[in-house]
Amino acid sequence: MSSSSLKVAILGMGNVGQNFVRILSESGNHIKEACGKEIEVSFAADSREIVRVDPRRTYYDILSAKKAGDLRILGETVTMDEVLASGIDILIDVSSASKDGNRELQIFRSAIDRGIDIVTANKSPLALHWAELIPYAEERGIRLLHEATVAGGVPVFNFVKYSCGPSKVLKFRGIVSLTANFVLKMMRSGTSFGDAVKKAQEIGVAETDYTDDTSGLDGARKTVILANALFGKAMSLKDIKYSGIPEVDPDEIKRNGDRLRLFTEISLEKGQVEVSTGFGLLDADDFLLTLPESALGYEVTTDNNGILRVSSAHDGPRETASAVMNDVMILAREAKGNKV
Ligand SMILES: NC(=O)c1ccc[n+]([C@@H]2O[C@H](COP(=O)([O-])OP(=O)(O)OC[C@H]3O[C@@H](n4cnc5c(N)ncnc54)[C@H](OP(=O)(O)O)[C@@H]3O)[C@@H](O)[C@H]2O)c1
């Protein structure tokens, strides 16, 4: 590895993984100038195989290989152990969330053991194994950045950490899941559940397996990560209740108009952290109602920075991939000795 580059392995070549490579191909020079390192994709993986990317291959080649349905065009297939033993600097997890998070837990622990930093958009390992993973990484001086796990491209964790440093978070209220709200909106205007999901998939908002989103599970995973990262909890998914679109009465969807949304609320009340996620009615003057269903955003109440409202006008896999890239760039700056 040349000291001017960072070697990364990308697990997952779906909507987010491909957009990550696209951003590198279109903004590689800017990224290198901004963080002082060239990002080198050394390995790429999908559900079928993990391949070592031949250094002569371009970003365009990586995208073409995925489009052709065969990553092996890029180089030899390898095992996860070989990836982790290869001297990569960062493991990027943009793969589908597993139900129990165990696959990711094992991979992340092995990466941490080998001194590899991790950037993840995949929520499962953190929503299910926070208490095992975060201290394990911290004790070993390994960074496990996860900005993209919640609210796509809208900064939450980096914003609170780097821009609200002196403050304690007292309350968080947010719309942090796109798919469920997007599907609800379409159903309100008469589209069937199935057609609404299909549309969400077409524009890259819904994952191939959309059930996590529509069942409320995806929102619940995000809520757990928020409670842990912003309020110092060590919760797991089993600690919270959630519900999904199949449980919402179709008449209720029509009757309540756009006030019915999937949202998350977490607050610190008399030393206790209260957590809720699910479908509910927002007040007509609620800031969250100003967000269109293609957007994500939140309101955070702090002791010193007051109440802050952060949102996007539009969110999707490109914006999520950009949040993943930003975490990679933070690590690149740190690798240069410039602590962020
Ligand atoms: N889409 C968003 O805007 C967004 C926002 C925030 C967070 N996320 C999270 O980011 C991750 C990726 O989302 P996405 O929209 O890109 O999903 P996606 O389009 O469904 O892509 C998932 C990718 O993961 C691959 N994969 C599945 N199992 C794997 C395994 N065991 N090892 C390696 N790769 C595996 C899939 O392989 P195949 O190609 O072979 O199917 C696919 O390439 C998910 O965890 C999601 O929850 C997404």
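Which residue in β11 stands opposite tyrosine 298? That one is picked up in point 4, after a look at the whole chain.

1. First, a reminder that this is a predicted model. The protein carries 12 helices and 11 strands. Its radius of gyration is 20 Å, close to the 20 Å that the globule rule gives for 340 residues, so the protein is as compact as a globular protein of that length. If you want a feel for the outline, the C-alpha trace spans about 60 × 45 × 35 Å along its principal axes.

2. Now for the inside and the outside. Of the 340 residues, 54% are buried. Take the contacts with a separation of 6 or more: 68% of them link residues 24 or more positions apart. The accessible surface comes to about 15,000 Å², and carbon and sulfur atoms own 47% of it. As for charge, there are 41 positive and 48 negative side chains, with the centres of the two sets 2 Å apart.

3. Next, the open sheet. Six strands build it, in the order β3-β2-β1-β4-β5-β6, and the pairing is mixed. At the edges sit β3 (50-52) and β6, each of which pairs on one side only. Inside that order, β4 (residues 90-93) and β5 (residues 117-120) run parallel and are joined by four bridges. If you'd like a spot to click on, aspartate 93 stands opposite threonine 120 in β5. As general background, strands of a sheet pair through backbone hydrogen bonds, either parallel or antiparallel.

4. Back to the opening question: tyrosine 298 faces valine 310 in β11. The strands concerned are β10 (residues 297-302) and β11 (residues 307-311), an antiparallel pair with five bridges. Together β10 and β11 make a hairpin with four residues between them, and glycine 306 in the turn has a positive phi of about 70°.

5. Stay with β10 a moment, since threonine 301 lies in this strand. Setting aside neighbours within four places in sequence, threonine 301 is in contact with Lys168, Val169, Leu170 and Lys171, and also with Gly306 and Ile307. So what about aspartate 209, 92 residues away in sequence: how many Å separate its C-alpha from that of threonine 301? The C-alpha to C-alpha figure is 34 Å.

6. There is another hairpin to look at, made by β8 and β9. Here 10 bridges join the two strands, which run antiparallel. Leucine 260 has leucine 281 in β9 as its bridge partner. The hairpin has two residues between the strands, and lysine 270 takes a positive phi near 45° there. Lysine 270 isn't a glycine, so to speak, but its phi is still positive. Is lysine 270 buried or exposed? Its relative accessible area is 86%, so lysine 270 is exposed.

7. Alanine 151 is another residue other than glycine with a positive phi, near 65°. You'll find alanine 151 in the loop between β6 (144-145) and α6 (157-163). With a relative accessibility of 0%, alanine 151 counts as buried.

8. Glycine 153 belongs to the loop between β6 and α6 as well. At 31% relative accessibility, glycine 153 counts as partly exposed. Which residues does glycine 153 touch, leaving aside neighbours within four places in sequence? The contacts are Asp315, Glu319, Thr320 and Ala323. Glutamine 18 is 135 residues from glycine 153 along the chain, and their C-alpha atoms are separated by 15 Å.

9. Last, a residue in a helix. Isoleucine 112 has its place in α4 (residues 102-113). At 3% relative accessibility, isoleucine 112 counts as buried, the cut-off being under 20%. Apart from neighbours within four places in sequence, isoleucine 112 is in contact with Ile118, Leu133, Tyr136, Ala137, Arg140 and Ile142. By contrast, try valine 197: this residue is 85 places from isoleucine 112 along the chain, and 37 Å separate the two C-alpha atoms.

How values were computed: Residues are numbered from 1 along each chain as its sequence is written. This is a predicted model: local features need pLDDT of at least 70, side-chain atom pairs count only at pLDDT 80 or more; totals for chains, interfaces and linings use all residues. Side-chain values use heavy atoms; hydrogens and water are left out. The radius of gyration is taken over C-alpha atoms; the globule rule is 2.2 Å times the number of residues to the power 0.38. Buried means under 20% relative accessible area, exposed over 50%, partly exposed in between (1.4 Å probe, protein chains only). Contact means heavy atoms within 4.5 Å. Accessible areas come from the Shrake-Rupley method with a 1.4 Å probe; for residues, only the protein chains shown count as cover. Lys and Arg count as positive and Asp and Glu as negative; His and the chain ends are not counted. The place of a charge is taken as NZ of Lys, CZ of Arg, CG of Asp or CD of Glu. Two strands pair if DSSP finds at least two bridges between them.
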